[in-house]
Amino acid sequence: MFSYNPASLLADEFINDGEILESIRWAEENKDNLELIDQILEKAKPVRKDGQTTCSGLSHREAALLLACTDPEKNEAMMQLAEEIKKAFYGNRIVMFAPLYLSNYCVNGCRYCPYHTVNKTIPRRKLSQEEIRQEVIALQDMGHKRLAIEAGEDPKNNPIEYILESIKTIYSIHHKNGAIRRVNVNIAATTVENYRKLKEAGIGTYILFQETYNRERYEYLHPTGPKHDYSWHTEAMDRAMEGGIDDVGLGVLFGLDNYFYEFVGLLMHAEHLEAVHGVGPHTISVPRVKPADGIDPDEFDNGISDDIFAKIIACIRIAVPYTGMIISTRESQAVREKALSIGISQISGASRTSVGGYTETDRPHETEQFDVSDQRTLDEVVRWLMELGYIPSFCTACYRAGRTGDRFMSLCKTGQIQNCCHPNALMTLCEFLTDYASEETRVIGNRMLQDELQNIPKENVRRIAAEHLEEIMHGGKRDFRF
Ligand code: SAM
């Protein structure tokens, strides 16, 4: 029997089954206690003091109570609070990225993923360095500056040396005005030594989805391969941090198990990182299982409605106010639109989830990991965001300026984001508009740049940003940052 201890390094103690079940039970028991819900909502509100906005966040139990609440008025109050918190720390900026699939060779048996080893129908493919170059040029030509690389787990075909070489290749390519300035990495759990190598290669965030926090369910869903080991997988973020990676990205694959269990587990994981490393996760992703080659999401029987999905996003936003939240093109335009207002700060655009997909004219399906719902071009996504009042940001400044881990969090907490992230978003959007946008998008964007310049609080920052916009548009200069 394990007991709950957020500061423990043992998976079964910091993601403690007993504590999760007890939190769910307590939340169910108290879900009609509107007074308690009001107190929790009050506690979570942003507070302005001495020019700084701070939020206390919530414990996993408090957040569980919000998730359990069925009162329509309180649920509406939660949505509004999530929106308020989102605006306070992330403003109207949305960071853009794209996934890049390097290889679909995999030795694991994940039941929900078409790359699983027993799938003999999916063609296996691994990009050569020359093919990576071509994919990156295609991504740069769309306007992308930030990638998340994806690969199956296969020590023979995709050893760490291959991943490191690929990162080097990606950073080395400068096609026209293009550059990939941040490479995030989503590869299987590995050793401290390998995480150290990834850190040295200059990665941004190390992303690893837990898939499910329920050990029993996890072991069933990962019947074979190294990923079968629940503890090895769950303790990966601690090894990544030990290896020097400050920014880690959590996520669960919603639909695999009971969403309530996953939600509590996810927040406990965030609390654990804070307790042990002094900094919570840099990002949280909220993928849902999608149809794929031989994969029917209904088989897992835990699918969630769009309304529950939105509520989960809002509750995560309230519970961990400083953590970025990511939604991918797994979701439709309509679902993404709702998610943006209540918490999401980062989205992918024009994604292809197949190995080598970006160099093909038509979307290839053969080696695809899952179906993509939002199939618009990056130009269309950028225009759509601006029409909704968001600033699409291609900024990668923070980690390049050493603002990772708690240094990024303190930027967030001291409200300097508006003097830093805001101008950076405008300058990188300006690069996009100048180099890659359609005429229609450029017209909307240039208007937005002028309007949004006025929202930079410090006068000298505003002046410098305006000069840089001018230099980007008419002087051929690129890559300014605060
Ligand atoms: N192979 C690495 C690992 O095992 O962690 C990570 C890369 S994998 C390409 C990225 C993520 O895709 C997985 O962690 C999983 O959550 C997600 N995924 C797999 N199958 C999926 C499906 N059918 N629908 C949606 N997402 C899926």
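## A guided tour, from a surface pair to the ligand

Begin by selecting Glu28, which is partly exposed, with a relative accessible area of 38%. Keep in mind throughout the tour that what you have open is a predicted model. Now add Lys31 to the selection, a residue that also counts as partly exposed, at 21% relative accessibility. The side chains of these two residues, Glu28 and Lys31, meet in a salt bridge, with 3.1 Å from N to O. The structure as a whole holds 29 salt bridges, and the next stop takes you to some others.

**A network of charged side chains**

Select Arg181 and Asp479 together, and you will find a salt bridge in which the closest N and O atoms are 3.5 Å apart. Arg181 sits in the loop between helix 7 (160-172) and strand 5 (182-186), while Asp479 belongs to the segment after helix 20 (459-475), so this pair ties together parts of the chain that are 298 residues apart in sequence. Is Arg181 buried or exposed? With a relative accessible area of 8%, Arg181 is buried, because the limit for that word is under 20%. Asp479, by contrast, is partly exposed, with a value of 31%.

Stay with Asp479 and add Arg400, since Asp479 also forms a salt bridge with Arg400, where the closest N and O atoms are 2.8 Å apart. Arg400 lies in helix 16 (residues 397-400) and Asp479 in the segment after helix 20, so this second pair ties together parts that are 79 residues apart in sequence. Arg400 counts as partly exposed, at 29% relative accessibility. Finally, add Glu431 to the selection, and you have Arg181, Arg400, Glu431 and Asp479, which are linked in a network of salt bridges.

**Along helix 20**

Next, move to Met473, which has its place in helix 20 and is partly exposed, with a relative accessible area of 24%. If you show what surrounds Met473, leaving aside its neighbours within four places in sequence, you will find it in contact with Cys430, Thr434, Asn446 and Gln450. For a sense of distance, select Val355 as well: the C-alpha atoms of Met473 and Val355 are separated by 35 Å, and the two residues are 118 residues apart along the chain.

**The nonpolar core**

Turn now to the largest nonpolar core, which has 157 residues, and colour those with the most contacts inside it, namely Leu100, Ile163, Leu198, Tyr206 and Ile347. Which helix gives the most to this core? It is helix 18 (residues 417-435), which contributes 10 residues. Then centre the view on Leu198 and, again setting aside its neighbours within four places in sequence, look for the residues in contact with it, which are Ile160, Ile163, Leu164, Ile167, Val185, Ile187, Ile203 and Ile245.

**The ligand**

For the last stop, select the ligand and show the 19 residues that surround it, of which the closest are Tyr112, Ala151, Glu211, Lys227 and Lys290. Start with Ala151, where a backbone N or O atom lies 3.0 Å from a nitrogen atom of the ligand. Go on to Glu211, which places a polar side-chain atom 2.6 Å from an oxygen atom of the ligand, and then to Gln369, where a polar side-chain atom lies 3.3 Å from an oxygen atom of the ligand. How much of the ligand does the protein bury? Taken alone, the ligand exposes 570 Å², and the protein buries 97% of that area.

Key: Residues numbered from 1 in each chain as written. Predicted model: local features only at pLDDT ≥ 70, side-chain atom pairs only at ≥ 80, totals over all residues. Heavy atoms only, no water. Core = buried A, V, L, I, M, F, W, Y, C linked by side-chain atoms within 4.5 Å. Buried < 20%, exposed > 50% of the residue type's maximum accessible area, 1.4 Å probe, protein only. Helix = DSSP H or I, 4+ residues; strand = E, 2+ residues; numbered from the N terminus. Contact = heavy atoms within 4.5 Å. Salt bridge = Lys/Arg side-chain N within 4 Å of Asp/Glu carboxyl O. Near = heavy atom within 4 Å. Polar contact = N/O pair within 3.5 Å; in protein donor to acceptor, adjacent residues only side chain to side chain. Areas by Shrake-Rupley, 256 points an atom, 1.4 Å probe, with all protein chains shown as cover.
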